[in-house]
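Here's a structure to walk through together, one piece at a time. Take a look at the sequence and the model, and then we'll start with a question about empty space.

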2 protein chains.
Amino acid sequence: MSVVSCTPSIGRPRAFDVDTALEKALDVFWRKGYDGTSLSDLTEAMGINKPSLYAAFGNKEQLFLKAIELYESRPCSFFLPALEKPTAYQVAEHMLYGAAMNMADQAHPQGCVVVQGALSCSEAAATVKEALLNRRVEGEQKLRARFEQAKLDGDLPASTDAETLARYLGTVLQGMAIQANNGATSEQLRQVAEMTLQAFPRAG
Amino acid sequence: MSVVSCTPSIGRPRAFDVDTALEKALDVFWRKGYDGTSLSDLTEAMGINKPSLYAAFGNKEQLFLKAIELYESRPCSFFLPALEKPTAYQVAEHMLYGAAMNMADQAHPQGCVVVQGALSCSEAAATVKEALLNRRVEGEQKLRARFEQAKLDGDLPASTDAETLARYLGTVLQGMAIQANNGATSEQLRQVAEMTLQAFPRAG
DNA sequence: AGATATCTGTACTTAGCGGTAAATAACCCC
DNA sequence: GGGGTTATTTACCGCTAAGTACAGATATCT
């Protein structure tokens, strides 16, 4: 299923692939942030003209939001798959090592576009800033719910504060995004992940 | 000592206080980031006109860099004072609790301007992005040096990897900046700090 | 007081921004 | 092949961006 609308069969066909163009847009937003990205940056990277961009994606804001959707649904995404692991510890483990691998991967910009796409921004970017903020908070809520379940499953002590544990993990993951921006390698991030797991409550 | 140049005695005197204006500029940059801040935002907040801004601070870029200098030299800054604590554990403790207190403080924008001022940005902001990146990396190097010293002092096990420990602490601190942006309270950040310290090697 | 030096306010420049109108080109269906 | 529909191209819109020229205002120095 494509993230964007499907092409109709009548009329002149698109000369570009919508999903490929969206990938390019994501790459630019990821590197430059919402405010730092101009429409010229986008059209150049996407290989299309402005009217094509507007016809296919609405406007800059909607293009950004669609790029974020794509980002989160990509096969190399690690967050949701990690939630499926059988124990809380393994969830944390896979999430941290996945982040270490992914965020410093040279195949794409470093860090996490959900963190750095519109952290501090103009009023014009208020909508996308809030959208990203919601995604971050929702991610932590999912983590928390997963840890609550783990308490019921017995693979976390009943005394565990699931909310704080989720926030701690979220903090480290978001910090790793900054570290990747700082130029940290996957191996260096892996060591941070290892250390983080030392503060993680084991099955009890 | 003022962060900016001193006023000459001859000629018409300035009608505004340079340091107060710089505080206002810092506040705007902190909330909106470098790319998200316009000169109109700045002059409005600072209560001066553009020619006065340019005469006093050079240009937008130099104004930003001076605002960062001010940010780091402010009395409520917690990083450097924490480095002076007698043991590695106390250094980490003061830094984490200081960050928890400071980053969610409602008296100023949330988070840390060194983290969020120009994380992802346009090419026009490349200089300030690099300046902030250098500050983050230098901060971690100072932490690392402090932990190396702690190993000599015997308050960290000789087997400790000071570099990784510094990076772990830096990761959590930077993550806390994002958390503060997410709306986390000082109390919530304090709990994260507490948890972080559990992974911290005790005197051995 | 006059000369000199600096600051202030208004008005301006140039360039780029996000977004769009209108003409043309390429496709499907009949 | 013609009509209907959609995409592409080019050129443009109004607006705001960062930065500045210049004239007038206000201080010190002699």
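Which helix gives the largest share of the lining of the second largest cavity? It's helix H8 of chain A, residues 126-153, which supplies three residues of that lining. Keep in mind as we go that this is a predicted model.

Let's stay with that cavity for a moment. Its volume is about 40 Å³. The residues around it are A:Ala118, A:Leu119, A:Lys129, A:Leu133, A:Arg136 and B:Asn181, and you can find each of them in the view. Sorted by class, that lining comes out as three nonpolar residues, one polar and two charged.

Now for the bigger picture on empty space. Rolling a probe the size of a water molecule over the atoms shows where empty space is left. Searching the whole structure turns up two cavities of 30 Å³ or more. The largest cavity holds about 140 Å³ of space. It has 22 lining residues, and those closest to its centre are A:Leu119, A:Ser120, B:Gln116, B:Leu119 and B:Ser120. Two elements give two or more residues to this lining: helix H1 (18-36) of chain A and helix H1 (18-36) of chain B. As for the classes, the lining of the largest cavity has ten polar residues, eight nonpolar and four charged. A:Leu119 is worth a second look, since it is among the residues closest to the centre of the largest cavity and also lines the second largest one.

With residues from A and B turning up together, it's natural to ask how the chains are arranged. Two copies of a chain are related by a rotation about an axis and a shift along it. What rotation superposes chain A on chain B? A turn of 180 degrees, with 0.0 Å of shift along the axis, does it with an RMSD of 0.1 Å. That is the relation of a two-fold axis. If you want to find the axis in the view, head for A:Gly175: of the residues of chain A, this one comes closest, with its C-alpha at 1.8 Å. The interface fits in here too: 100% of the interface residues of chain A are also interface residues in chain B, so the copies meet through the same surface.

What is chain A itself built from? It has ten helices and zero strands, so to speak an α-α-α-α-α-α-α-α-α-α pattern when read along the sequence. Along the principal axes, its C-alpha atoms fill a box of roughly 65 × 35 × 30 Å.

Finally, turn to the DNA. Around DNA strand C there are 24 residues, and A:Leu39, A:Lys50, A:Tyr54, B:Ala15 and B:Asn49 come nearest. Which part of the strand faces them? Of the strand C atoms within 4 Å of the protein, 64% belong to sugar or phosphate, and the rest to bases.

Three neighbours in chain A make contacts with phosphate oxygens of strand C. A polar backbone atom of A:Leu39 is 2.5 Å from one, an N or O atom in the side chain of A:Ser38 is 3.0 Å from one, and a polar backbone atom of A:Thr37 is 3.3 Å from one. Helix H2 (39-46) and helix H3 (50-57) of chain A, along with helix H3 (50-57) of chain B, each give two or more residues to the surface near strand C. H3 of chain A gives the most, with three residues. By class, this surface has ten nonpolar, nine polar and five charged residues.

Methods
Residues numbered from 1 in each chain as written. Chains lettered and ligands numbered in written order. Predicted model: local features only at pLDDT ≥ 70, side-chain atom pairs only at ≥ 80, totals over all residues. Heavy atoms only, no water. 1 Å grid on protein atoms, 1.4 Å probe; cavity = no way out; pocket = protein on both sides within 12 Å on 5 of 7 lines; lining within 4 Å. Points joined across faces, edges and corners; volume = space filled by probe spheres on them. Helix = DSSP H or I, 4+ residues; strand = E, 2+ residues; numbered from the N terminus. Nonpolar A, V, L, I, M, F, W, Y, C, P; charged D, E, K, R; others polar. Least-squares fit on C-alpha atoms with pLDDT ≥ 70 in both. Contact = heavy atoms within 4.5 Å. Near = heavy atom within 4 Å. Polar contact = N/O pair within 3.5 Å; in protein donor to acceptor, adjacent residues only side chain to side chain.
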